[in-house]
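Trainee: Hi, could you walk me through this one? I'd like to get a feel for the fold and how far to trust it.

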Amino acid sequence: MKKILSYTIKVGLPLLLGGAILYWMYRGFDFEQVRRVVTEEMNWTWMLLSLPFGVLAQVFRALRWKQTLAPLGEKPRTDNAIYSIFLSYATSLVVPRVGEFVRCGVLKRTDGVSFSKALGTVLTERAVDTLMMMMMTVMAILLQLPVFSSFFARTGTRLDTLLASFTSTGYLVTAICALAVIVLLVMLMRRLAIFNKVKGVMRNIWQGVASLRNINGRALYLFYTFAIWFSYFLHFMLTFYCFEATAHLGVSCAFVSFVVGTIAVIVPTPNGAGPWHFAVKTMLILYGVQSDAALFFVLIVHTVQTLLVVLLGIWAAIFIRRRKQSILTSESQMPDDTRASM
């Protein structure tokens with residue numbers, strides 16, 4: 001009963017939070033207009049051009065992960081590593097953050113990779129990605145300070161009046177998102193406290209975390225890291241050219257919106273649904289996009305990109321299942337004495 005309740009909370013709360021924010025943003029919205037935008041006004045060429053970069057980001061992540069595992073003596077097949085990443089992103093749509101454990105489990109099943117060592121490398125990966133996010137955030141702030149100063153000077157808008165125009169519901173959504181992040185951090189700390197009770201597991205995890213020191217080809221590791229985030233950025237930026245309201249905004253606006261949206265995804269909802277919409281819409285409005293046009297953008301872009309994650313996850317699940325069945329079939333056809341010696 002306790003496990004059922006825990007699972008219900010893990011699945012239900014993120015869905016409830018994301019759904020509540022989406023309901024607040026789209027209450028009274030005429031979704032018939034979305035159909036018109038999708039079928040008549042969108043430039044789908046740019047959307048289709050953006051999709052390969054979403055795939056590339058995950059492929060580069062898998063290649064970087066494989067490189068991190070090598071110093072630990074773990075050498076999974078490249079295709080298995082890629083499909084494990086595809087599947088991890090898809091499962092995180094159901095339970096946020098569970099994908100990190102899923103991909104470690106996939107490689108354990110397909111290649112015999114130590115689960116705890118793999119988890120340690122994932123923790124290292126998250127630390128590196130956090131550093132990248134911090135660098136991009138600082139860069140976005142420095143690059144756009146003149147833009148924001150000019151905006152406030154031309155419009156006579158001051159920070160206090162801007163905050164005063166923020167509705168009580170807007171403050172509530174921001175507070176809920178902040179609370180959700182705090183809850184996520186508490187859950188992670190409790191999970192680590194459980195790991196502390198198992199010294200062998202913790203030792204393997206530490207080996208995974210420390211694997212970055214012994215990695216071969218640090219320049220290649222840095223290339224993969226920048227390639228991941230550059231691919232994510234292109235995956236997002238190219239969608240600006242799909243809509244008349246955002247096509248003229250340029251790379252700077254796309255970069256700032258990308259950074260803000262990436263930070264919003266920290267809030268544990270499926271694929272950032274809700275917080276991502278709220279954050280990106282707010283930035284687009286700040287750059288002069290009308291509210292309805294901003295809503296069209298975030299709804300359509302997020303939906304298409306989430307659909308891509310789902311399709312990649314389904315593809316990966318089919319591939320992994322077929323490979324597992326192939327391995328079992330091969331083992332069953334071996335002579336008994338050969339299987340016994342394995």
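Mentor: Happy to; we'll go through confidence, the overall fold and two helix pairs. Keep in mind that this is a predicted model.

Trainee: Okay, what's the average pLDDT, and what share of the residues score at least 70?

Mentor: The protein averages 78, and 66% of the residues score at least 70.

Trainee: Where is confidence lowest, and where is it highest?

Mentor: The low end is helix H14, residues 336-341, with a mean of 50. Helix H3, residues 44-69, is at the top with 95. Also look at residues 194-199, where the pLDDT is below 50. That stretch has five contacts in the model beyond near neighbours in sequence.

Trainee: Good to know. Switching to the fold, how many helices and strands are there?

Mentor: There are 14 helices and zero strands, so to speak α after α along the sequence.

Trainee: And how much of the protein is buried?

Mentor: Of its 342 residues, 43% count as buried. On contacts, take the pairs at least 6 apart in sequence: 76% of those join residues at least 24 apart.

Trainee: Now the helix pairs. At what angle do H11 and H12 pack?

Mentor: About 155°, with the axes 8 Å apart. H11 covers residues 250-264 and H12 covers 275-286. Angles over 145 degrees count as roughly antiparallel, and therefore H11 and H12 get that label. Their crossing is right-handed.

Trainee: Which residues make that contact?

Mentor: From H11 you have Cys253, Val256, Ser257, Val260, Gly261 and Ala264. H12 brings Pro275, Trp276, Ala279, Val280, Met283 and Leu284. By class, this contact has 10 nonpolar residues, two polar and no charged.

Trainee: What about H10 and H11, how do their axes cross?

Mentor: They cross at roughly 110° and come within 10 Å, with H10 spanning residues 218-237. The range for roughly perpendicular is 65 to 115 degrees, which is why H10 and H11 are described that way. The crossing of H10 and H11 is right-handed.

Trainee: Which residues meet there?

Mentor: On H10, they are Trp229, Tyr232, Phe233, Phe236 and Met237. Facing them in H11 are Val251, Ala254, Phe255, Ser257, Phe258 and Thr262.

Trainee: And how does the H10 with H11 contact divide by class?

Mentor: It has nine nonpolar residues and two polar, with no charged ones. Notice that Ser257 of H11 is in the contact with H12 and also meets H10.

Conventions. Residues are numbered from 1 along each chain as its sequence is written. This is a predicted model: local features need pLDDT of at least 70, side-chain atom pairs count only at pLDDT 80 or more; totals for chains, interfaces and linings use all residues. Side-chain values use heavy atoms; hydrogens and water are left out. Axes are lines fitted to C-alpha atoms, for helices over the stretch in contact, and angles run from 0 to 180 degrees between N-to-C directions. Helices (H or I, at least four residues) and strands (E, at least two) are DSSP runs, numbered from the N terminus. Angles under 35 degrees count as roughly parallel, over 145 as roughly antiparallel, 65 to 115 as roughly perpendicular and the rest as oblique. A crossing is left-handed if the near helix is turned anticlockwise from the far one by less than a right angle, and right-handed if clockwise. Contact means heavy atoms within 4.5 Å. Ala, Val, Leu, Ile, Met, Phe, Trp, Tyr, Cys and Pro count as nonpolar, Asp, Glu, Lys and Arg as charged, and the others, Gly among them, as polar. pLDDT is the predictor's confidence in each residue, from 0 to 100. Buried means under 20% relative accessible area, exposed over 50%, partly exposed in between (1.4 Å probe, protein chains only).
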